[in-house]
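Please open the model in a viewer and keep the sequence panel visible. The tour below proceeds selection by selection and states what is found at each stop.

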Amino acid sequence: MTRLYNDPVNFVDEATEGFVAAHAQRVCQVPGGVIRSTRSEPGTVAVVIGGGSGHYPAFAGLVGQGLAHGAVMGNLFASPSAQQVYNVCKAANNGAGVLLSFGNYAGDVLHFGQARERLIREGIPCEIVAVIDDVSSAGQDELHKRRGIAGDLTVFKIAAAAAEAGYSLEEVVRVSRAANLRTRSMGVAFDGCTLPGAKDALFHVPAGKMAVGLGIHGEPGISEQNVPSADALAELLVSHLMEEIPDGVGSVGGAKASVLLNGLGSIKYEELFVVYRRVNQLLTEAGLEIVEPEVGELVTSLDMAGASLTLFWLDDELERLWKAPADAPAYRKGSLEAAPPIDASQLDIPDADAIPPASEASIATARCLYQALSATRKIIDQEVEELGRLDAIAGDGDHGIGMQRGVVAAELAAEDAVSRSAGAGTLLRMAAEAWSDRAGGTSGAIWGVMLNALGVTLGDDDAPTPAHYAEGITKAKNDVMAFGKAKLGDKTLVDALAPFSEALEQAVNAGDDLATAWRKAVEACEAAATATSELRPKMGRARPLAEKSLGTPDPGAVSLSLIVAAIQPVIDR
């Protein structure tokens, strides 16, 4: 369990403060994460990595010369917000564009994707490479659905070495994608991890058993078996990974690969070395030439008892980039001449506190929107445990608490916006950023997208009509589907949002006032949310455990239906 903490709410902030104090010669803190505290070559690509905290040395420990230029740090096991990603990218930008890289989790995809769009609108080229190394999370025919685990390191290292060598953004993307497609990982767990302040672990493995195919956020494995010997574990992991030889490798005999044996938090280095002894024997016997292997904690999961094995199949270019020197707090190889420190006063850090002028009509609308967010907070406070219970059936059980964190932050941001005479659009933007930032995860990203979409539509000038609200909800639906790639039938919030949007639009077009149209749309939303109980999830963390979720409605769809119903009395006034 996690034993050393003060207030669990402040755990990540205090850990970050201590990390930066311990490594000030290599990193400095900026809003949303950390960047190099040393100068990078002007006109080169910046590699920005990130994800939820709790995985050290990923992600902050991998920032430094020869490795990442910045790391975005979300809450524990929760993706950082789009605003955090944007802030770190702006501070890390060297003038030749930004490559974003992270594990392929839904919340990260949404938040990093939103930040990318914002950077591009401002004239900063930006591309994304989401790591997809975990063979247990999807089949070879669905590589794009695989999640990133310890293979994050290989992709990050290759991208950063290419950027350090002066590659263009297009070329950095090329070699990063090549590394991604040549990396395969598989993990096992003997017991789950415990969040600071939690009474129990996120999951447990029965005594004497081992979960096979786990993720790094506490997701249980896809199967269980008896705990093997160290040699037998090595044989299990190697045999599974050798079943997938990436395209372009050819025969194993004579091929080159780096090998990463990763401890997830509680496995000691000596245990890892015992396992690696057999891994090395097996791969050498197969004719593989092993290049600069790594054994240790590379991507952890707080105190999880588990390990993963990664094979990174090399070609000549990838080998050269893998061997290139690096000097980060948690990863060093070769020798580098120390770069001079940056001038922190010259960093480009956005001012998010400015309130643009607004019309009296929009200011009045903002006050109503604040009341709607207050009603939203009350219903989420009331239902937080039930939402968590629904999510725990086939997910990690954090939907309720994530929604609660997000809506509390959004309400506070809205209260601040009203006190400063913000318009409707600005209030919704501030609420969206606060919700996304505080909640993290997929739900935080989705609600950030939806509130932003409505805010863009309402703006700060005109008094919104029912048509404006219908248009804003339609934009919210389209944006969520575009960023998150969810479709109707995937068992997500979209299965309730789309019927809500369509019913609202139809009623408004038929001439109904907003209160009447909203009521009809609420009925459609509630029915659709209930109907998700008959669907099997096709996206997100619940997908590998799809059968377990049958008979249970999607928690995201349920929370949406609760919220739109709770807002009805505000609209009726």
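## Aromatic pairs

The model is a predicted one, and seven aromatic pairs are counted in it. Begin by selecting Tyr269 and Phe273, whose rings meet edge-to-face, with 6.4 Å between the centres and 65° between the planes. Both residues belong to helix 7 (residues 269-285), and because they are four residues apart there, about one helical turn separates them. As a general matter, an α-helix has 3.6 residues a turn, so residues three or four places apart point the same way. Colour the two by accessibility: Tyr269 is partly exposed at 39% relative accessibility, and Phe273 is partly exposed at 46%.

Next, select Phe312 and Trp322. This pair is also edge-to-face, with a centre-to-centre distance of 5.6 Å and an angle of 75° between the planes. Phe312 comes from strand 13 (residues 305-314) and Trp322 from helix 8 (residues 316-323), so the pair ties together parts that are 10 residues apart in sequence. Are these two residues buried or exposed? Phe312 and Trp322 are both buried.

## Charges over rings

Keep Trp322 in view and add Lys333. The charged end of Lys333 sits over the ring of Trp322, at 4.5 Å from the ring centre. For a second example, move to Tyr86 and Arg118: Arg118 lies over the face of the Tyr86 ring, 3.7 Å from its centre.

## Helix 8

Return to helix 8 and display its side chains. Its N-terminal end is capped by Asp315, which places a side-chain oxygen 3.2 Å from the backbone nitrogen of Glu317. Within the helix, select Leu318, Glu319, Leu321 and Trp322, which are buried. Now look down the axis of helix 8: the buried residues fall within an arc of 165°, so they line one face of the helix.

What do the buried residues of helix 8 pack against? Their helical partners are helix 4 (152-164) and helix 5 (169-181). Their strand partners are strand 10 (256-263), strand 12 (294-296), strand 13 and strand 15 (331-333).

## The loop between strand 3 and strand 4

Select His55, which is located in the loop between strand 3 (46-53) and strand 4 (70-76). His55 is buried, with a relative accessible area of 1%. A polar atom of the His55 side chain lies 3.4 Å from the backbone oxygen of Ile216. Residues up to four places away in sequence aside, His55 touches Phe77, Ile216, His217, Leu298, Val299, Thr300 and Ser301.

Remain in this loop and inspect the backbone. The peptide bond from Tyr56 to Pro57 is cis, with omega near 15°, and Pro57 is found in the loop between strand 3 and strand 4. A cis peptide bond also joins Ala58 and Phe59, with omega about 10°; Phe59 likewise lies in the loop between strand 3 and strand 4. For context, most peptide bonds are trans, and most residues other than glycine have a negative phi.

## Positive phi angles

Two further backbone stops follow. Glu292, although not a glycine, has a positive phi of about 40°. Glu292 is placed in the loop between strand 11 (289-290) and strand 12, and is partly exposed, with a relative accessible area of 32%.

Then select Ser421, which is not a glycine either and has a positive phi of about 60°. Ser421 lies in the loop between helix 10 and helix 11. Its relative accessible area is 41%, and it is partly exposed.

## Nonpolar cores

For the last stop, select Trp435 and Trp518. These are the residues with the most contacts inside the largest nonpolar core, which has 68 residues. Display the elements that give two or more residues to this core: helix 9 (360-392), helix 10 (399-419), helix 11 (424-439), helix 12 (441-458), helix 13 (466-484), helix 14 (494-509), helix 15 (514-531) and helix 17 (555-572).

Which residues does Trp518 contact, leaving aside its neighbours within four places in sequence? They are Phe500, Leu504, Val564, Ile567, Gln568 and Ile571.

Apart from the core of Trp435 and Trp518 lies another core, of 64 residues. To locate this other core, select some of its members, including Val12, Val63, Trp322 and Tyr331. The tour thus ends back at Trp322, the partner of Phe312 in an edge-to-face pair and the residue whose ring lies beneath the charged end of Lys333.

Key: Residues are numbered from 1 along each chain as its sequence is written. This is a predicted model: local features need pLDDT of at least 70, side-chain atom pairs count only at pLDDT 80 or more; totals for chains, interfaces and linings use all residues. Side-chain values use heavy atoms; hydrogens and water are left out. Rings of Phe, Tyr and Trp (its six-membered ring) pair if their centres lie within 6.5 Å; planes under 30 degrees apart count as stacked, over 60 as edge-to-face and the rest as tilted. Buried means under 20% relative accessible area, exposed over 50%, partly exposed in between (1.4 Å probe, protein chains only). A charge sits over a ring if NZ of Lys or CZ of Arg is within 6 Å of the ring centre and within 35 degrees of the ring normal. A polar contact is a pair of N or O atoms within 3.5 Å; within protein, one must be able to donate a hydrogen and the other to accept it, and residues adjacent in sequence count only if both atoms are side-chain atoms. Contact means heavy atoms within 4.5 Å. The arc is that of the directions from the helix axis to the C-beta atoms. A nonpolar core is a set of buried Ala, Val, Leu, Ile, Met, Phe, Trp, Tyr and Cys residues joined through side-chain atoms within 4.5 Å.
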